[in-house]
Amino acid sequence: MEKKRIKKFKNSSGVTLFEILAGVVILGIVFTLVGHLLSTVQKQYTIQNEQIEQQRNLKLAIQNITKDIRKENLVSIPEKNVLVIGESSNGIRYELKDAMLQRNGITVVSNISKLKIIGLTQDDRELLTGESSEIIGIKLEITTTANQMGTTETLSSTVYLRME
């Protein structure tokens, strides 16, 4: 009876140590590739979300300024890149401070690196500063701070005042 058992062990098939190691190496390579792929996808997702947020901030800034200009229909540029809408004593003041676009001292949009305000006149001159009587339109250019990839977003718009 013992001879039969010994024969059975000799005939049974098994896995060698080399086959186990080869399987572990192959699985390690597959898991490494999958992990790298997931990491790349996550990084791209984060970058795209940041770009979308930049574009949303720019659009919000332009919409707010445009809405205020259309309400008041009176603008002046008392200093370079400062826009006052309405009467200068109690008007709405937009300016860029510490990478934040502020409306009357309250932050409207953050992560802004550049705010360029140009007044347009009847005789096609561009004013960086000027009184409201000369200005018939405003050209705005707003640029965001650089994202993780070092890219910035810029949005520009021109708003003409209604002539009454």
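**Figure 1. A close look at T143, a buried residue of strand β8**. In this predicted model, T143 has a relative accessibility of 8% and therefore counts as buried, since the cut-off for that word is under 20%. Its place is in strand β8, which covers residues 135-144. Which residues does T143 contact, once its neighbours within four places in sequence are left aside? The partners are L58, I112, S113, K114, T152, E153 and T154. One of them, I112, lies in strand β6, residues 112-121, and another, L58, lies in helix α2, residues 17-72.

**Figure 2. The nonpolar core around helix α2 and several strands**. Here we turn to the largest nonpolar core, a set of 23 residues. Which of its members touch the most other members? They are I65, I69, V75, L83, L101, I138 and I142. At least two residues each come from α2, β2 (82-85), β3 (92-97), β6 (112-121) and β8. Helix α2 gives the largest share of this core, with five residues.

**Figure 3. L101 and its contacts**. L101 belongs to the core of the previous view, as one of the residues that touch the most other members. L101 also falls in strand β4, which runs over 100-103. Leaving aside neighbours within four places in sequence, the contacts of L101 include A61 and I65, and both of these positions fall within α2. Y94, E95 and L96 are also in contact with L101, and these three fall within β3. The remaining partners are I106, T107, V108, V109, I112 and L115.

**Figure 4. Two loop residues with positive phi, N81 and A99**. Most residues other than glycine have a negative phi, which makes this pair worth a pause. N81 has a phi near 60 degrees, and A99 has one near 65 degrees. Where do they sit? N81 is in the loop between β1 (75-76) and β2, while A99 is in the loop between β3 and β4. Are they buried, exposed or in between? N81 is partly exposed, with a relative accessibility of 22%, and A99 is also partly exposed, at 31%.

**Figure 5. Q48 along helix α2**. Q48 is located in helix α2 and counts as partly exposed, because its relative accessibility is 40%. How far apart are Q48 and L33, C-alpha to C-alpha? The two are 23 Å apart in space and 15 residues apart in sequence.

**Figure 6. Stepping back to the whole protein**. To place the close-ups, it helps to see the full layout. There are two helices and nine strands, and along the sequence they follow the order α-α-β-β-β-β-β-β-β-β-β. The radius of gyration is 32 Å, well over the 15 Å that the globule rule gives for 164 residues, so the protein is more spread out than a compact globule. Its C-alpha trace spans about 115 × 30 × 25 Å along the principal axes. Of the 164 residues, 29% are buried. Among contacts with a separation of 6 or more, 47% join residues 24 or more positions apart. The accessible surface comes to about 11600 Å², with 56% of it belonging to carbon and sulfur atoms. Finally, the protein has 21 positive and 18 negative charges, and the mean positions of the two groups are 22 Å apart.

Methods:
Residues are numbered from 1 along each chain as its sequence is written. This is a predicted model: local features need pLDDT of at least 70, side-chain atom pairs count only at pLDDT 80 or more; totals for chains, interfaces and linings use all residues. Side-chain values use heavy atoms; hydrogens and water are left out. Helices (H or I, at least four residues) and strands (E, at least two) are DSSP runs, numbered from the N terminus. Buried means under 20% relative accessible area, exposed over 50%, partly exposed in between (1.4 Å probe, protein chains only). Contact means heavy atoms within 4.5 Å. The radius of gyration is taken over C-alpha atoms; the globule rule is 2.2 Å times the number of residues to the power 0.38. Accessible areas come from the Shrake-Rupley method with a 1.4 Å probe; for residues, only the protein chains shown count as cover. Lys and Arg count as positive and Asp and Glu as negative; His and the chain ends are not counted. The place of a charge is taken as NZ of Lys, CZ of Arg, CG of Asp or CD of Glu. A nonpolar core is a set of buried Ala, Val, Leu, Ile, Met, Phe, Trp, Tyr and Cys residues joined through side-chain atoms within 4.5 Å.
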